[in-house]
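This briefing concerns aromatic contacts and enclosed space in a predicted model. Which residues form one aromatic cluster, and which residues lie closest to the centre of the largest cavity?

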Amino acid sequence: MKKQIFAIAEKCGISAVGICGAERYRRESVSHPAVFASNKGTLPPDAESIIVCAFSYYNGADRGNISRYAQGKDYHRVAIEKMNDIVNYLEENGYRAEAYADTGGLNERMLASLCGIAFRGKNHMMINDSMGSYFFIGYIITDCPLEPDSGKNRSCMDCGRCVKACPSGVLGKEPFDEKRCLSYITQRKGVLTPVEEKLITDTGFIWGCDICQEVCPHNKVINVRGIDVFKQDFIIDLYIPEDMSNREFKTLYRDRAFAWRGKNVLVRNQKIAESSKKI
């Protein structure tokens with residue numbers, strides 16, 4: 001059954017797949033409570049296996065004003081749609097299964113590590129030997145007992161380039177303060193501080209940030225390009241007219257990962273970024 005699951009994953013365009021035993025995940029969550037502190041969900045009592053899926057989104061495009069993960073279609077929808085092929089197969093064979101993509105509350109990065117899909121970088125991104133760090137993670141919880149895969153006991157090159165390049169200087173410090181990360185700042189509502197505004201004017205990003213990934217040696221050669229839907233109709237430089245109505249915005253960008261926050265945050269960031277060009 002595991003062999004067939006992997007074949008389905010390959011056929012539907014999932015870039016990598018691995019199996020994490022549910023019991024191992026439970027043990028890890030108890031042994032390392034700090035790592036799992038942000039979890040918002042728990043495994044059902046009858047869960048036997050977690051099928052972890054990775055989706056490469058790298059499109060080879062140059063840097064734009066939005067992070068590469070947001071240039072294509074909203075991965076939440078894409079990932080669920082593709083993983084549902086595996087869910088349907090399991091259900092047809094009498095098992096229960098449900099797919100999640102940033103919606104189930106489990107620690108996706110830890111899952112990717114436990115099943116050997118990826119290892120953690122100093123920039124807190126997960127890294128795969130073929131995809132680099134340009135990939136999304138989804139998973140399927142099932143009561144089907146599957147042979148688990150082994151994790152990789154390794155880490156990144158530890159070159160420190162991401163730490164040096166981080167525009168906000170948040171990397172390399174523990175505990176990691178995600179609220180100082182530029183990606184978080186560009187998504188936050190309200191008025192930004194002068195220091196936060198300068199991060200936007202200096203980098204040009206109005207949504208997200210890719211700098212730590214751009215300097216990472218593990219991303220120098222990407223052997224697995226993004227699945228087709230992420231390579232089509234992608235946006236490199238986003239521009240939102242200030243007079244665009246909220247309805248127009250939702251209609252035009254409803255299938256984009258940045259749309260959930262609404263247009264006002266993007267317009268705010270856009271104004272900040274444009275102000276530096278007028279000086």
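Tyr57, Tyr58, Tyr75, Tyr134, Phe136 and Phe230 come together as one aromatic cluster in this predicted model. Across the whole structure, the search finds nine aromatic pairs.

**A pair within the cluster**
- The ring centres of Phe136 and Phe230 lie 5.4 Å apart with their planes at 70°, and because an angle over 60 degrees counts as edge-to-face, the pair is edge-to-face.
- This pair links distant parts of the chain, since Phe136 belongs to strand β6 (residues 135-142) and Phe230 to helix α9 (residues 228-231), with the two positions 94 residues apart in numbering.
- Phe136 is buried, with a relative accessible area of 7%, and Phe230, at 2% relative accessibility, also counts as buried.

**A pair within one helix**
- Phe249 and Tyr253 form an aromatic pair that is tilted, with 5.4 Å from centre to centre and 55° between the planes.
- Phe249 and Tyr253 are four residues apart in helix α10 (residues 246-253), and are therefore separated by about one helical turn.
- Both Phe249 and Tyr253 are buried.

**Enclosed space**
- The search of the whole structure finds one cavity of 30 Å³ or more, and the largest cavity holds about 90 Å³ of space.
- The largest cavity is lined by 16 residues, of which Lys122, Cys156, Cys159, Cys162 and Cys216 are the closest to its centre.
- Sorted by class, the lining of the largest cavity comprises nine nonpolar, four polar and three charged residues.

How values were computed: Residues are numbered from 1 along each chain as its sequence is written. This is a predicted model: local features need pLDDT of at least 70, side-chain atom pairs count only at pLDDT 80 or more; totals for chains, interfaces and linings use all residues. Side-chain values use heavy atoms; hydrogens and water are left out. Rings of Phe, Tyr and Trp (its six-membered ring) pair if their centres lie within 6.5 Å; planes under 30 degrees apart count as stacked, over 60 as edge-to-face and the rest as tilted. Buried means under 20% relative accessible area, exposed over 50%, partly exposed in between (1.4 Å probe, protein chains only). On a 1 Å grid over the protein atoms alone, a cavity is a set of points where a 1.4 Å probe fits but cannot get out, and a pocket is an open set with protein on both sides within 12 Å along at least five of seven lines; lining residues have an atom within 4 Å of a point. Grid points are joined across faces, edges and corners, and a volume is the space filled by probe spheres set on the points. Ala, Val, Leu, Ile, Met, Phe, Trp, Tyr, Cys and Pro count as nonpolar, Asp, Glu, Lys and Arg as charged, and the others, Gly among them, as polar.
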